[in-house]
Amino acid sequence: MSGVSDSGITVSKLLQKGNQGLGTFVRMDGELLLLDGAVYQLQAEGKIRVADQDDEIPYAAATHFRSQRTVTVKLDTKDSIDAVLEEFNDHASNLFMSYRIEGVFQRLKCRTVKGQEYDGQPLSELGKKQFVAEYHDVEGTIVGFRSPVAWQGFFVAGEHMHFIDQERKIGGHVLELQAREVNVGIATVNNVHIELPTSDKFNSVVMSTDDAGLKSVEG
Ligand SMILES: [Zn+2]
């Protein structure tokens, strides 16, 4: 949110931290999706590329995902996923949950951030110029995390999902969704390892928990 995004760990290092995840790239150029050992860069205007091993990642969350239960459900909206997760673990409001949704989505609205126009441009500003696309009857995979409210800022509190289609041609940060029948693999996460940047820029920026800003830009 503070716009410090000019460096980070490499793709090859992120791959050691999990088989599933999401995040962004240097200068917030697009959305990151980690799925089964491949890191994809979902760029504005619907461009997707497999990231190079030495591309840098200023922010990402990843997990070694192993589904503890898989259910087949109907999702009327993005919020419907909450009820599905609650049914699996109804006392996880202070724990993390990770999940993977697979199948055909009747409607998906995704965004991709276009990248910083100047050093330090905050995410809230980028959100106003993001690329938004709506897809219908598209098959693919959503990687998602649900984070506790108290962790806002480290993560996006609540649901955070990135999508990529089966052909690896379209994708982005999920703003809205609707699906008649999809499979959801779910796992509760209670072991969290956090690695912070050590750059002078990171240390000199004034950081705050911008609850309203995060909600408006991350949907
Ligand atoms: Zn995102």
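**Surface and overall form**

I looked up the accessible surface first: the protein chain of this predicted model exposes about 10,900 Å². Carbon and sulfur atoms supply 47% of that area. I then checked burial and noted that 48% of the 219 residues in the protein chain are buried.

For charge I took the mean positions of the 22 positive and 32 negative charges, and I found them 1 Å apart.

I listed the secondary structure next and counted five helices and twelve strands in the protein chain. The radius of gyration is 16 Å, close to the 17 Å that the globule rule gives for 219 residues, so I put the chain down as being as compact as a globular protein of that length. Along the principal axes, the C-alpha atoms fill a box of roughly 45 × 35 × 35 Å.

I also looked at contacts with a separation of 6 or more, and residues 24 or more positions apart account for 75% of them in the protein chain.

**Zinc site**

I turned to the zinc ion and asked which protein atoms are its donors. I found NE2 of His-160, NE2 of His-162 and ND1 of His-173, at 2.1 to 2.2 Å from the ion. Along the chain I read their spacing as H-x1-H-x10-H. His-160 belongs to strand 11 (residues 158-165) and His-173 to strand 12 (residues 171-189); I noted this pair as a link between distant parts of the chain, 13 residues apart.

Are His-160 and His-173 buried or exposed? His-160 has a relative accessible area of 7%, and I recorded it as buried because the cut-off is under 20%. His-173 is at 1% relative accessibility and also counts as buried.

**Positive phi**

I checked the backbone angles with the usual expectation in mind: most residues other than glycine have a negative phi. I wrote down two residues that have a positive value.

Met-28 is not a glycine, yet its phi is near 55°. I placed Met-28 in the loop between strand 2 (20-24) and strand 3 (31-35). Its relative accessible area is 6%, so I entered Met-28 as buried.

Asp-36 has a positive phi of about 50° and is likewise not a glycine. I located Asp-36 in the loop between strand 3 and strand 4 (38-43). With 53% relative accessibility, Asp-36 counts as exposed, whereas Met-28 is buried.

**Lys-47**

I found Lys-47 in strand 5 (residues 47-50). Which residues does Lys-47 contact, leaving aside its neighbours within four places in sequence? I found Gln-41 and Leu-42. I also took the C-alpha separation of Lys-47 and Lys-169: it is 7.2 Å, although the two are 122 residues apart along the chain.

**Phe-131**

My last entry is Phe-131, in strand 10 (residues 131-147). Phe-131 is at 21% relative accessibility, and I recorded it as partly exposed because buried means under 20%.

Setting aside neighbours within four places in sequence, I listed Ala-44, Glu-45 and Gly-46 among the contacts of Phe-131. The list for Phe-131 also includes Cys-110, Arg-111, Thr-112 and Lys-114. I checked Phe-131 against Ala-62 as well: they are 69 residues apart in sequence, and their C-alpha atoms are 24 Å apart in space.

Methods: Residues are numbered from 1 along each chain as its sequence is written. This is a predicted model: local features need pLDDT of at least 70, side-chain atom pairs count only at pLDDT 80 or more; totals for chains, interfaces and linings use all residues. Side-chain values use heavy atoms; hydrogens and water are left out. Donors are N, O and S atoms within 2.8 Å of the metal (3.2 Å for Na, K and Ca); water is not among the atoms, so sites may look incomplete. Helices (H or I, at least four residues) and strands (E, at least two) are DSSP runs, numbered from the N terminus. Buried means under 20% relative accessible area, exposed over 50%, partly exposed in between (1.4 Å probe, protein chains only). The radius of gyration is taken over C-alpha atoms; the globule rule is 2.2 Å times the number of residues to the power 0.38. Contact means heavy atoms within 4.5 Å. Accessible areas come from the Shrake-Rupley method with a 1.4 Å probe; for residues, only the protein chains shown count as cover. Lys and Arg count as positive and Asp and Glu as negative; His and the chain ends are not counted. The place of a charge is taken as NZ of Lys, CZ of Arg, CG of Asp or CD of Glu.
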